[in-house]
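Please open the model in your viewer and keep the selection panel at hand. The tour proceeds by selections, each followed by what is to be found there.

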Amino acid sequence: VEGFTALMNEKAAELGMADSSFANPNGLEEEGHWSTAADMAKLGAACMEDETIAKIVSTPSISLGGRYLTNHNKLLGLCEGCVGLKTGYTEKAGRTLVSAVRREGQLLICVTLQDPDDWDDHMALYDYGSAAYPRQVLVEAGARTATLPVTGSLVPAVEVETADTVAYPLAEGERPRVEIHLPEGAVAAPLEREVPVGELRFYLDGEPIGRTDLVYSASVRRDAAPPPPLRRLWDRLTGGGG
């Protein structure tokens, strides 16, 4: 138990749960055992990234080893899109609930502590969160964002595009700032399609909220220099010297 609890605290620190201290693995009251709603939300989000845990907490009921087990989380049947997570109760903490829903491609986590009406409160908070902070696509995967000049090839330039779709829940009136990071000047052939060459970053109020690699949209081979007559024609067409 002592060793496992130490691992719990190590994992909590790794997840950024700065206001949590675990003294046992069962969650029951004990000296030096506490947490906060914000830290429980961080833990809940991490749990939903684990396929096994996510499957367990989203299962309403199951027959296992000759027993019929029922999930105590009533939101699985009451709340649209509910996929977990965990109920709890102690005498000091009262009714506690960490829940999760997926709506329109967005995962929302809700945490209440010492809440006697947690089912209704969570459903109301999810309706509010979905309306006030809808998931908004900042950029789609494959969006062409820039053109880079190319040296060492008959192809004069190559386009770069986003590798992934980036989305973020934005309130009304919020406008993210976008930064494009690419090499200065020309890039040298050969170039391979989908190889990262830069980065697109998004910020809100100075804080990073998303990023994606910028990749070459096409492969560009390296070509030998053309013979002098063709070279002069090429220079005239491309604005080169000579």
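Begin with the largest pocket of this predicted model, which holds about 1300 Å³ of space. Select Phe22, Gly27, His33, Ser35 and Met40: of the 39 residues that line the pocket, these lie nearest its centre. Colouring the lining by class will show 21 nonpolar, 13 polar and 5 charged residues.

Next, display the secondary structure around the pocket. Helix H1 (2–14), H2, H3, S3, S4 and S5 each contribute at least two lining residues. Which of the elements gives the most to the lining? Strand S3 does, with 6 residues.

Now select helix H2, residues 37–47, whose buried residues are Asp39, Met40 and Gly44. They span an arc of only 140° around the axis, and are therefore on the same side of H2. To see part of what covers these buried residues, add strand S3 (82–90), strand S4 (94–103) and strand S5 (106–113).

Keep Met40 selected and extend the selection to the largest nonpolar core, a set of 12 residues that also includes Phe22, Met48, Val83, Leu85, Val98, Ala100 and Val111. Helix H3 (51–57), S3 and S4 each supply at least two residues of this core. Met40 and Phe22 belong to the core and also figure among the residues nearest the centre of the pocket.

Finish at Ala100. Which residues does alanine 100 contact, leaving aside its neighbours within four places in sequence? They are Met48, Gly81, Cys82, Val83, Gly84, Leu85, Leu107, Leu108, Ile109 and Tyr126. Among these contacts, Met48, Val83 and Leu85 are also members of the largest nonpolar core.

How values were computed: Residues numbered from 1 in each chain as written. Predicted model: local features only at pLDDT ≥ 70, side-chain atom pairs only at ≥ 80, totals over all residues. Heavy atoms only, no water. Buried < 20%, exposed > 50% of the residue type's maximum accessible area, 1.4 Å probe, protein only. Helix = DSSP H or I, 4+ residues; strand = E, 2+ residues; numbered from the N terminus. Arc of directions from axis to C-beta. Contact = heavy atoms within 4.5 Å. Core = buried A, V, L, I, M, F, W, Y, C linked by side-chain atoms within 4.5 Å. 1 Å grid on protein atoms, 1.4 Å probe; cavity = no way out; pocket = protein on both sides within 12 Å on 5 of 7 lines; lining within 4 Å. Points joined across faces, edges and corners; volume = space filled by probe spheres on them. Nonpolar A, V, L, I, M, F, W, Y, C, P; charged D, E, K, R; others polar.
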